[in-house]
Amino acid sequence: MKCVIAGGNVKVLGRAVHSLSRIGDELYLEPTESGLSFRAVNSSRSAFASFLFAPLFFQLYEPGSAGPDTELFRCKVHMKSFLGIFRSLPSLEKSVGKCLILLKPRASRLVLQLHCKYGVTKTHNLAFQECERLQAVFDTQCCASRLCAPARVLAEAIVHFPLTLAEVTLGTGPGGKISLRNYVEDEAEPSKTMLTELWLAEDEFQSVAVAPGSHITFCLKEFRGLLSFAEASNLPLTIHFDEPGRPVIFTLDDTVLEVHLVLATLSDAESSSQSPSTNSMSHLPAPSDDFADDLESYMAAMETSEGCSEGLPSPTFSLHVPRPAKSKPEKEEEEEEEGAVPGTPPHKKFRSLFFGSVMTPGRPGPATTQEVLAEDSDGES
């Protein structure tokens, strides 16, 4: 794989890497005929982001060649290593005129060259690991509610919330109004908790099509990262959501760029006791408690080598039929709480996104989407 990025697009790529760095510690690169895809997932599998840059984004784009029984090579690198190359965005705009990205599978190196002013060339050789395809499961067409607004409007709204705020609740009100408020645990004492809520009028959005009384709660950290990219790129942000407990999907669309951010949402007792009507192929059974961990409700739709070659690069697939959540002993639940990853929502409070993968051709052993988690997939093979 070889591609050349010129001019201001180098800074656009840098912004995308900064946004992905808020998601996970590993960056997945997948060259396809439709463009170069950069993806990331967090350690708790509750957030997934994908940036697909079309061939027109590059001055030169060569995805490489694949044999009749093989796929294009894909890999993952450490996020900190890749982010360090694009850490200073103002410097990229002032001094870098061209960026070359070269993937060398035989040498196990990802080469990035920054061609700067005065004939200076900076070359970075990054080690990588071969990996299977990483994909979240969602379908924007099945979401009951949809909002589209300029990124500036949403950025000015969330500036009222502190940077330490973990979750925010987006809800609908009378007259098409949209509310944003900080999420407060039910156990928190009202006298010791500060509540912040603001309302946005319908005319501040480009389009509003929401279910009356709907609301969702999601993590603010990952959303801030995408919002910064959207505001800097002057792109409208579209929000697709359903009932609590189902993923919220943020999208950005441009002629040379396609962005998806999928976040798990907080499930409540009311929505968990009702059978869902959208974004699913069958009815979910009522969970045993408020924080049932329905991991398999969002299984990754990984195709076989034949299916992958025919499918679109857009991460929109049909959903997997969910299974009933199994109750766990209290002792096991306490141990899981202690092992929670800092900075991510507890998986018992948020319904985690579930990812799967398939073995690439030439690797030993078959695998199905119901057996393999998308973490250290190359190490498991």
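In the predicted model, Phe 51 is in contact, once its neighbours within four places in sequence are left aside, with Ala 16, Ser 19, Leu 20, Leu 36, Ser 37 and Phe 38, and also with Leu 226, Phe 229, Leu 257, Glu 258 and Val 259. Phe 51 is also one of the residues with the most contacts inside the largest nonpolar core, which has 77 residues; the others named in this respect are Phe 38, Phe 53, Phe 82, Phe 86, Leu 110 and Phe 250. Because residues are given to this core by both domain 1 (2-130) and domain 2 (145-266), the core lies between the two domains. Another core, of 10 residues, lies apart from it and includes Cys 131, Ala 136, Cys 143 and Ile 249.

Two loop residues were considered for their backbone geometry. Most residues other than glycine have a negative phi. Arg 45, which is placed in the loop between strand E3 (35-41) and strand E4 (47-53), has instead a positive phi, near 60°. A positive phi, likewise near 60°, is found for Tyr 118, a residue of the loop that runs between strand E8 (109-116) and strand E9 (121-127).

The solvent accessibility of each of these residues was also computed. Arg 45 has a relative accessibility of 11% and therefore counts as buried, the cut-off for this class being under 20%. Tyr 118, with a relative accessibility of 82%, counts as exposed, since that class requires a value over 50%.

Terms used
Residues numbered from 1 in each chain as written. Predicted model: local features only at pLDDT ≥ 70, side-chain atom pairs only at ≥ 80, totals over all residues. Heavy atoms only, no water. Core = buried A, V, L, I, M, F, W, Y, C linked by side-chain atoms within 4.5 Å. Buried < 20%, exposed > 50% of the residue type's maximum accessible area, 1.4 Å probe, protein only. Domains from an automatic or database assignment. Contact = heavy atoms within 4.5 Å. Helix = DSSP H or I, 4+ residues; strand = E, 2+ residues; numbered from the N terminus.
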